[in-house]
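Could you walk me through this protein in my viewer, one selection at a time? I would like to know what to click on and what I should find there.

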Amino acid sequence: MDALRQQVIQEVITALSPQTAGGSASQTPNQGSTPTSAPRLQGSTPAPSPSQAGPSSYPRPIRATASALIDRTQSLIRNSARSCSIPTPNHPNRAGKRKKVEIKITTHEICLLHPFNPEETSCDPVTGYVDDYAITQASVHTKQVFVELKSDFKEDDIREKICNVLRNRIPNIKKTDFEFVKRDLGRIYTPVVEETFSFDYKQIKKIEGTGKLYVRLNRKPVVDDETSSDDDDDFLPPVLRPRPAISTTSNQPGCSRDVNLSEIFPDVPADTLNELLNSNSDINEAANAIADFNNNTSTPEEERNDNSAPNITTNPSRSRHTLAVNEDTLFEDCFSYYKNPNFDPETPIRIKFENQPGIDAGGLTRQFFMLVSHQIIDKLFEGNAGNMLPKTSANTILSEIYVAVGKVIAHSIVHGCQGLPFLSPAVYNYICSGSISKAARFVTLEQVANGVYVHYIKEITDADSELLHTLSQDENLIQIIEEVGEVCILNETTKFIIIQSMMIHDIIVKRKASLDQLRCGLQILGVLRAITNNPDSMAKFFIQSTNEISPEALVSKLEFAANELATESNKEKLRFALSTFTNEDINKLLLFVTGTSNIFSLYPSQKIKVRFLQVDEICASTCDFSLVIPDGMEDVDMMKSALIVAMEEDKKKSFNTY
């Protein structure tokens, strides 16, 4: 490079020298004249000819000018090269036809939520922003709704599609009647967006994630916008009118001691009922005494067999402890009792909801443990529905809260309630055995709660050799592989070993401290021993049942009380109405009548007692699993509508009463 530079400088100097320039420095001689040479000083050396002179032989100004020209030329060439853009074969700007974007059609599951409750959740009156809140069974209006969306859909198209499907349940629903919300870790969040923001298909995919798309009603849906008003309830049949709030005072109509208690405890003989009423001056004390009598003398032997929880029970000789709870602080009230050092597991409990009427003969206890179980899942567990895993934060582990959770589950089971039937199969098998290796046999991808793990597991499973090599260089994946304890490099031979280690780590290993605390709490009353010895029969208290009861099976569980109003016409109307129920409707009805939606998993032989009476509205008693139907239903449609009204109104309180 240096030699080339010197050669270029020499040529430039030659071009600039007076001997070759041919400009004003030398004139062309006339023809025939003799050229004259420049005068030379005495003793000086003749100047070399251009062919003989090197760059350093010329005067310094000439050399400097030549060097500057060379530098400037190089600079121009470099700048020109940087600004020059040469299209590559795969460059998007190269000439040719662009690839047409393919429009995909995908199926999405919609979960429709009720409007938020302003008494439980705050809302900004100016912006309308709703604070996040825990999702519960009562929050869900309709689920298992499926729509097909195109990848080029705008928000208006998506809303129209959703409305078309939801009109089967809400005939007059409009595109502006609902909003898109985000579910994360059991809570509902309202997205904060600009006014011009649009939930097109791309944004819907983001807010949906890998689960369902949650939409929330802005207002309570009505049957007909033109005729709906508060005064319209007066024109409805009594059985279809919303039920008024029930007063807690005993002098209200329908709250007399004889009538209420005889209806709640129809199997208690009248003489015994009167005797217990007369021996207790307070109505609540009398009800509690009757409940104890009913529990001891009724025949729960079949129920005990159905329970399949051998040799676990509270001490029947102990008087029941009345646990007063407030529905607004249910979680705190529950754990203040079960974390108390003076907690005695052998003492049975009786539930009293503050500021609400209700006599606990078993129904309120089932309702209490059902509500608490959902709050435990929302606050202390994470993961997918039916595959919940305990959280792993340091605060929860140091507080030993899962020991108390184990006690709550154990007490729920011995009181004939549902337990915590939302856990993953692998977690339950660890509870049974306390062995990671045994629980590892039951891990599946559906049980993994870490979304990053799920993403990489899916990529590794379907990857070819080239993609596996690329993934093996991914810094995040390398860190995860080290985190789960593997030291191998990702390739075709090791990919399934890494996948298995990732699943076991997320589902079991990193939650071992929480699970060990859970096992510790379950030791009370021999519950953990019963689980270990009878894992199959006890699984129903921990794993969600996949066998949903059909309308036909529900009808077969009806047991009609014999009276003059129990006509075949009334029975057939009820049977036909129930035969049209969806799975969601059936769960609501079971919750309304029994206090839990999985009553037949706990007690397969349990019946629902049905009585037809001269009353204005449908009501139920969770204490004795009975349903009261008003006489005079005109047709099947009225029967079904009345049942739905009763079930929806029941969500507003924690018990059923007459």
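Here is a tour of sheets, a hairpin and helix pairs, in order along the chain where possible. Keep in mind as you go that this is a predicted model.

**Stop 1: the six-stranded sheet**

Start by selecting strands E1 to E6. Together they make an open sheet of six strands, and reading across it you meet them in the order E2-E5-E4-E6-E1-E3, with mixed pairing. Which strands stand at the edges? They are E2 (133–134) and E3 (140–150); each has a single partner strand, so one side of each is left without a neighbour in the sheet.

Now zoom in on the E2 edge. Here E2 pairs with E5 (residues 187–189) in the antiparallel sense, over two bridges. Click on Ala134 and look for its bridge partner in E5, which is Arg187.

Move over to E1 and E3. These two strands are antiparallel as well, and eight bridges link them. To find your place, select Ile105 and look across to E3, where Lys150 stands opposite.

E1 also pairs with E6, but here the strands run parallel and are joined by four bridges. Pick Ile110 to see one of these bridges: its partner in E6 is Leu213.

Before you leave, add helix H4 (residues 155–166) to your selection. H4 lies across E1 (105–113), E3, E4 (178–184) and E6 (213–217). Against E3, the direction of H4 is at about 130°.

**Stop 2: a strand, a helix, a strand**

Next, select residues 321–325, which are strand E7, and residues 349–353, which are strand E8. E7 and E8 run parallel and are joined by five bridges. Val325 is a good landmark, with Phe353 of E8 opposite.

How does the chain get from E7 to E8? Follow it through helix H10 (residues 330–338), and you will have traced a right-handed β-α-β crossover.

**Stop 3: a hairpin**

Select E9 (residues 381–384) and E10 (residues 387–390), which pair in the antiparallel sense over four bridges. Within this pair, Glu382 stands opposite Leu389 in E10. The two strands form a hairpin with two residues between them. One residue to click in the turn is Gly386, whose phi is positive, at about 80°.

**Stop 4: two helices at an angle**

Now show helix H13 (residues 401–414) with helix H20 (residues 512–521). Their axes are 7 Å apart, and the helices pack at an angle of about 40°. That angle makes H13 oblique to H20. The crossing is right-handed.

To see the contact itself, show side chains on both helices. From H13, the residues taking part include Ile401, Tyr402 and Val403, and from H20 they include Ser514, Gln517 and Leu518. By class, the residues of this contact are eight nonpolar, four polar and one charged.

**Stop 5: another pair of helices**

For your next pair, select H16 (residues 451–462) and H19 (residues 495–507). Oblique or roughly antiparallel: how does H16 lie relative to H19? They pack at about 160°, with axes 10 Å apart. Since angles over 145 degrees count as roughly antiparallel, H16 is roughly antiparallel to H19. This crossing is left-handed.

On the H16 side, the contact is made by Tyr453, Tyr456, Ile457, Ile460 and Thr461. They meet Lys495, Ile499, Met502, Met503, His505 and Asp506 of H19. Sorted by class, the contact has seven nonpolar, two polar and two charged residues.

**Stop 6: the four-stranded sheet**

Finish with strands E11 to E14. These four strands form an open sheet with mixed pairing, in the order E11-E12-E14-E13. E11 (558–560) and E13 (619–621) are the edge strands, each pairing on one side only. If you look along the sheet, the twist from one strand to the next averages 30°.

Zoom in on E13 and E14 (residues 626–630), an antiparallel pair with three bridges. Select Ala620 here and find Leu627, its bridge partner in E14.

Last, bring in two helices. H25 (residues 583–594) packs on the sheet, where it touches E12, E13 and E14, and its direction makes about 60° with that of E13. H24 (residues 568–579) lies across E11 and E12 (608–613), running at about 165° to E11.

Note on methods
Residues numbered from 1 in each chain as written. Predicted model: local features only at pLDDT ≥ 70, side-chain atom pairs only at ≥ 80, totals over all residues. Heavy atoms only, no water. Axes fitted to C-alpha atoms, helices over the stretch in contact; angles between N-to-C directions. Parallel < 35°, antiparallel > 145°, perpendicular 65-115°, else oblique. Left-handed = near helix turned anticlockwise from the far one by under 90°. Contact = heavy atoms within 4.5 Å. Nonpolar A, V, L, I, M, F, W, Y, C, P; charged D, E, K, R; others polar. Pairing = 2+ DSSP bridges. Right-handed = clockwise from strand over helix to strand, strands pointing away.
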